Amino acid sequence: MSVVIETEEHKALREAVAALGRRYGRAYVTKALEEGKGPEELWNEAGKLGYLGVSLPEEYGGGGGGIYELSLVLEELGAAGCPLLLLVVSPAICGTIIARFGTDEQKREWLPGLADGSKIMSFGITEPDAGSNSHRITTTARWEAGGTSRSSGAESGGQWVLNGRKVFISGVDISDATLIVGRTEDARTGRLKPALFIVPRDTPGFHRTMLDMDLAAAEKQFELVLEDVRLPADALVGDEDAGLLQLFAGLNPERVMTAAFAVGMARHALTAAIGYAKERQVWKTPIGAHQAIQHPLAVAHIEVETAKLMMQKAAHLCDAGDDLAAGEAANMAKYAAGEACVKAVDTAVHTLGGNGLTKEFGLASLVNASRVARIAPVSREMILNFVSHQTLGLPKSY
Ligand SMILES: Cc1cc2nc3c(=O)[nH]c(=O)nc-3n(C[C@H](O)[C@H](O)[C@H](O)COP(=O)(O)OP(=O)(O)OC[C@H]3O[C@@H](n4cnc5c(N)ncnc54)[C@H](O)[C@@H]3O)c2cc1C
């Protein structure tokens with residue numbers, strides 16, 4: 001397994017995505033923000049070029065690659081200053097889950113669109129009263145029988161009825177549907193178990209309210225209320241009894257992709273700071289000649305590269321289908337990349353002095369944005385808990 005030396009195909013993909021990113025750049029995101037728009041043009045072009053679908057199966061219009069290739073795409077767009085946050089959810093979580101566990105009909109309906117970007121799917125697990133503790137989610141799916149079995153429910157009028165609330169769900173306004181994590185009742189034990197449902201955006205009872213986030217990201221977050229949302233039998237993805245397994249298959253790619261988001265942003269901030277440090281002169285030499293400026297930049301660079309290596313290992317494990325090992329590596333990669341990103345952005349802002357806080361240089365807004373990688377989709381502390389309990393075998397306090 002080579003994680004350091006990339007194939008010629010990888011290098012070519014990296015260069016091609018970087019070139020697309022450079023054509024749009026940070027200025028594109030800044031303009032989209034000013035106009036209250038999403039990054040549609042970049043999304044559509046990246047879709048046409050096959051970059052959004054690199055990880056999805058070829059028979060459904062994808063590139064036949066894996067999360068390694070998809071993370072490379074997000075990293076390079078981020079390094080150019082124009083990350084596409086919805087890559088984390090639409091192809092990486094939803095695409096992976098549908099490709100692995102969806103019915104043939106669900107694959108035919110969703111994968112070609114997710115691959116070329118003409119369809120977008122967001123992902124909703126977080127709830128107001130169950131943030132870090134996803135075992136506590138209460139969005140419930142009840143089967144309302146129409147006089148016949150579940151498998152033929154669509155024809156007979158049987159349907160799922162969903163009720164609950166979600167919060168911080170990204171991109172619901174521009175998504176054709178949201179993959180909602182709900183719970184169904186186990187017929188034997190009466191206990192609630194997770195299950196995944198495709199909820200089209202305009203389904204009656206599916207209400208969204210935009211959250212007033214203080215974030216310089218073109219993608220918006222929403223609070224959702226599901227009020228007697230009625231769905232046909234085939235809205236359920238995969239097996240009602242294997243929801244947890246299916247969920248994990250999507251959450252490992254999510255963590256790898258968040259690491260890619262963080263590595264890309266960190267590279268973007270460091271490139272800007274290094275360029276500035278080489279030019280800016282207030283004494284005899286450029287400020288970049290002072291070790292107080294260059295050492296923090298060197299440390300940040302080393303930490304970003306180290307995190308990237310862990311991200312690449314996690315991506316390889318995901319693509320090899322080793323979900324258990326991928327889970328541990330993806331969590332560690334997300335932690336390392338989130339921390340490296342926060343530090344790199346902080347260092348970059350400081351390198352620019354007063355200009356670090358001007359809109360013209362565009363780094364100050366990354367201070368908030370970099371924290372996303374520390375908080376979502378699973379916080380720094382929950383990863384430390386995971387490693388403490390699962391890897392180190394230490395006892396649990398909660
Ligand atoms: C920009 C953005 C986009 C998002 N997009 C999505 C999305 O598309 N879909 C989706 O489902 N969710 C999304 N989220 C939600 C995100 O996954 C949650 O914010 C995250 O899981 C943390 O949950 P919380 O915000 O409720 O924090 P809380 O769970 O309330 O935690 C608050 C603090 O307490 C700490 N904490 C909690 N429990 C423990 C413990 N046992 N030990 C130590 N510390 C603890 C946490 O680490 C954190 O620092 C998004 C969030 C953001 C900020």
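**Around the ligand**

Q: What makes up the shell around the ligand, by class?
A: You get 11 nonpolar, 8 polar and 1 charged residues. Nonpolar covers Ala, Val, Leu, Ile, Met, Phe, Trp, Tyr, Cys and Pro; charged is Asp, Glu, Lys and Arg; the others, Gly among them, are polar.

This is a predicted model, so local features need pLDDT of at least 70 and side-chain atom pairs 80 or more, while totals for chains, interfaces and linings use all residues. Numbering runs from 1 along each chain as its sequence is written, and side-chain values use heavy atoms, with hydrogens and water left out.

Q: Which residues are closest to the ligand?
A: T126, S132, F168, S379 and E381, out of 20 that surround the ligand; the test is a heavy atom within 4 Å.

Q: Why does F123 count as a polar contact of the ligand?
A: A backbone N or O atom of F123 sits 2.8 Å from a ligand nitrogen, and the cut-off is a pair of N or O atoms within 3.5 Å, so the pair qualifies. I125 has a polar backbone atom 2.9 Å from a ligand oxygen, and S170 puts a polar side-chain atom 2.9 Å from a ligand nitrogen. The protein buries 69% of the 980 Å² that the ligand exposes taken alone (Shrake-Rupley, 1.4 Å probe).

Q: Which elements supply at least two shell residues each?
A: β1 (121-124), β3 (159-170), α10 (364-375) and α11 (380-391). These are DSSP runs: helices H or I, at least four residues; strands E, at least two.

Q: What is the helix and strand content over residues 7-117?
A: That stretch is 68% helix and 0% strand.

Technical notes
A polar contact is a pair of N or O atoms within 3.5 Å; within protein, one must be able to donate a hydrogen and the other to accept it, and residues adjacent in sequence count only if both atoms are side-chain atoms.
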